[in-house]
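Colleague: Hey, got a minute? I'd like to go through this one with you.

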Amino acid sequence: MIDESGVEEVYRRLSEAMPGRTKGAKGPKGQPDAFRSCISCMLSAQSLDRNTAAATRALFALATTPEDMLALSDEQVARAIKPCGLYNVKARNIRKFCETLLALHGGVVPDTREGLLSLPGIGRKCADIVLSFTFGKDVIAVDTHVHRVCNRIGLTEAKTADRTAQQLEERSPEWAMRDGHFWLIQFGKQVCKARTPRCATCPVNDLCEFYGGVAGREAS
Ligand code: SF4
């Protein structure tokens, strides 16, 4: 892993190269409240963005609260969310999520990681995305792009996204916690792409462990 001053410098350069959080950003996939953000996040597992969007549109046309969602049958929910795949499992998870949300939290989505993780179907990634986007907390949510970028550069050294999230929390400067997710995700989509990273023109290539190793050797 790169050292503390290297971490600071990576964030400084990404903050200049990538735009930050836009004002008034909504929850995951543009959802307007925490309940819909959680469901949207659950539906996005192993699903393309456009399929998740189609599923959420159809589902939220039927229900937008835990009570209304529980009034639907699993078959109705499964039919609505069919575009996002694994729809029978996801329909059952939505039911368990709504039941637990009502039983433990009176139907109100909690704004803490611990509270969110108490809900079936919500893992660390979903919890952090909802905390960051919906509740505006200073949390770096780790999706596939953030996980890849962090471990290539050497901000973290982790095999799982959850472990990457833990290490980022320990190693990131406080000033980078608010917009870090946005810088890293956009950097992953535009520059440090999964198959074709643009290492030669990358603004942090002199700090990057991947470029100093495999990619750098291939380039020379
Ligand atoms: S040098 Fe290459 S691998 Fe390293 S962060 Fe930049 S684009 Fe990614």
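Colleague: What area is buried between domain 1 and domain 2?

Modeller: Keep in mind that this is a predicted model. The two domains bury about 680 Å² between them, and carbon and sulfur atoms give 56% of that.

Colleague: Which three residues supply the most of what domain 1 buries against domain 2?

Modeller: That would be Ala-141, Asp-162 and Glu-169, which supply 42% of the area on the domain 1 side, more than any other three residues.

Colleague: Back up a bit. Where do the domains run along the chain?

Modeller: Domain 1 is made of two stretches, 4-20 and 140-219. Domain 2 covers 28-134. Taken over C-alpha atoms, their centres are separated by 29 Å.

Colleague: And how many residues does each domain bring to the contact?

Modeller: Domain 1 brings 10 residues, and domain 2 brings six.

Colleague: How many salt bridges cross that interface?

Modeller: The rule finds two salt bridges between domain 1 and domain 2.

Colleague: What does Arg-124 pair with?

Modeller: Arg-124 forms a salt bridge with Glu-169, and their closest N and O atoms are 3.7 Å apart. In general, side chains of opposite charge can pair when their charged atoms come close.

Colleague: OK, and how many residue pairs are in polar contact between the domains?

Modeller: The count is one residue pair, with both residues at pLDDT 80 or more. As for helices, α10 (161-171) and α11 (180-190) each supply at least two residues of the domain 1 side that touches domain 2. The largest share comes from α10, with four residues.

Colleague: What kinds of residues make up that side of domain 1?

Modeller: It's a mix of five nonpolar, two polar and three charged residues.

Colleague: Switching topic: how many salt bridges does the rule count in total?

Modeller: The count comes to 11. Among the salt bridges is one where the side chains of Arg-13 and Glu-9 meet, at 2.9 Å from N to O.

Colleague: Why are Arg-13 and Glu-9 separated by about one helical turn?

Modeller: Because they sit four residues apart in helix α1 (residues 4-17).

Colleague: Last thing. Where is confidence lowest, and where is it highest?

Modeller: The lowest is helix α12 (residues 209-219), with a mean of 68, and the highest is helix α4 (residues 66-70), at 98. The chain averages a pLDDT of 91, and 91% of the residues score at least 70. Where pLDDT is low, the predicted coordinates should not be read in detail.

Key:
Residues are numbered from 1 along each chain as its sequence is written. Side-chain values use heavy atoms; hydrogens and water are left out. Domain bounds come from an automatic or database domain assignment. Contact means heavy atoms within 4.5 Å. Buried area is the accessible area (1.4 Å probe) that two parts lose on being put together, summed over both. A salt bridge is a side-chain nitrogen of Lys or Arg within 4 Å of a carboxyl oxygen of Asp or Glu. A polar contact is a pair of N or O atoms within 3.5 Å; within protein, one must be able to donate a hydrogen and the other to accept it, and residues adjacent in sequence count only if both atoms are side-chain atoms. Ala, Val, Leu, Ile, Met, Phe, Trp, Tyr, Cys and Pro count as nonpolar, Asp, Glu, Lys and Arg as charged, and the others, Gly among them, as polar. pLDDT is the predictor's confidence in each residue, from 0 to 100.
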